Amino acid sequence: MRHNRGLHMKRWFLIGIFSVLCLGGFWAPQGTAEESIPARKDIEPEWYFPEWLGTSPYTPVFKALDTVNKYGRYAQETKTITLKDLIKFHGHFCGGLVESAGALRVAFDLLFPKGIIDRTDLRIVSNNSACGGDVAAYLTGARLRFASHHINNSLTESEFFIRRVSARKTVHVKLNPEVYPVEVKTQMKKIESGKFTPQDIDRFQELQWAYARRLVNKPLKESFIVEEVRDFKWPDPICRDLGARKDNDYKDAPLK
Ligand SMILES: [Zn+2]
């Protein structure tokens, strides 16, 4: 009896030690990307990246999951993508880039509740905006040439249909029209009309950046309308068939 009680106490002692170690973060189950530590964020200011864009409270940041190689398996860790990364890809910091990244952040929150975006598992419809289309391609991994990125010019800029293929779930997101500043639109039309002064170009940048700053200083959900779309019929490809994407086809290959 005494022997059994001793064993019992020893067992509880070991469970206690184990729990303390787990809660203290000394041990974590190995392997899955959803538990991995995100890479360091690069938000150092640059001439093309003002400090406030990296540090504002609602600046969107993304954790992306990819494969490790051509014909590779899923990576064990994620990558962190910041607006700076998007700017490097797109070429400049503009209102459309921040707006589209905000829209996709809100949509991904519905599609990926655990916060990690699987870039091997997404399709997207955007309009042909240089800015929004680039953000769509970079953040989803979808590509026009593989028919996973579709262009529909009846959508507004920063309006998207995004599909998580494996979950058969499609989300529609767009800017709340009340959020878009009239003065940005007016200034854009003035420049596009061809009747503008050099000051108008500078003014447009000021207005766009001020708009972007407002977007990242309040909860993104307040600026966008997002909803799940059931039975969304995916549009036919607009690009002729150039061959299927195959590099991610082995993402679930067994380890042994
Ligand atoms: Zn742009």
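**Exercise 1.** Is the crossing of helix 3 and helix 4 right-handed or left-handed?

*Solution.* A quick note before the steps: this is a predicted model, where local features need pLDDT of at least 70, side-chain atom pairs count only at pLDDT 80 or more, and totals for chains, interfaces and linings use all residues. Residues are numbered from 1 along each chain as its sequence is written.

- Step 1: find the helices, which are DSSP runs of H or I with at least four residues, numbered from the N terminus. Helix 3 covers residues 83-90 and helix 4 residues 95-111.
- Step 2: get the geometry. The two axes (lines fitted to C-alpha atoms over the stretch in contact, with angles from 0 to 180 degrees between N-to-C directions) come within 11 Å and cross at roughly 130°.
- Step 3: that angle makes helix 3 oblique to helix 4; angles under 35 degrees are roughly parallel, over 145 roughly antiparallel, 65 to 115 roughly perpendicular, and the rest oblique.
- Step 4: the crossing comes out right-handed, meaning the near helix is turned clockwise from the far one by less than a right angle.

**Exercise 2.** Which residues of helix 3 and helix 5 make the contact?

*Solution.*

- Step 1: helix 5 spans residues 130-140, and its axis lies 10 Å from that of helix 3, at an angle of about 115°.
- Step 2: count residues as in contact if their C-beta atoms, placed from the backbone, lie within 7 Å. You get L86, F89 and H90 from helix 3, plus C131, D134, V135 and Y138 from helix 5.

Key:
Helices (H or I, at least four residues) and strands (E, at least two) are DSSP runs, numbered from the N terminus. Two residues are in contact if their C-beta atoms, placed from the backbone, lie within 7 Å.
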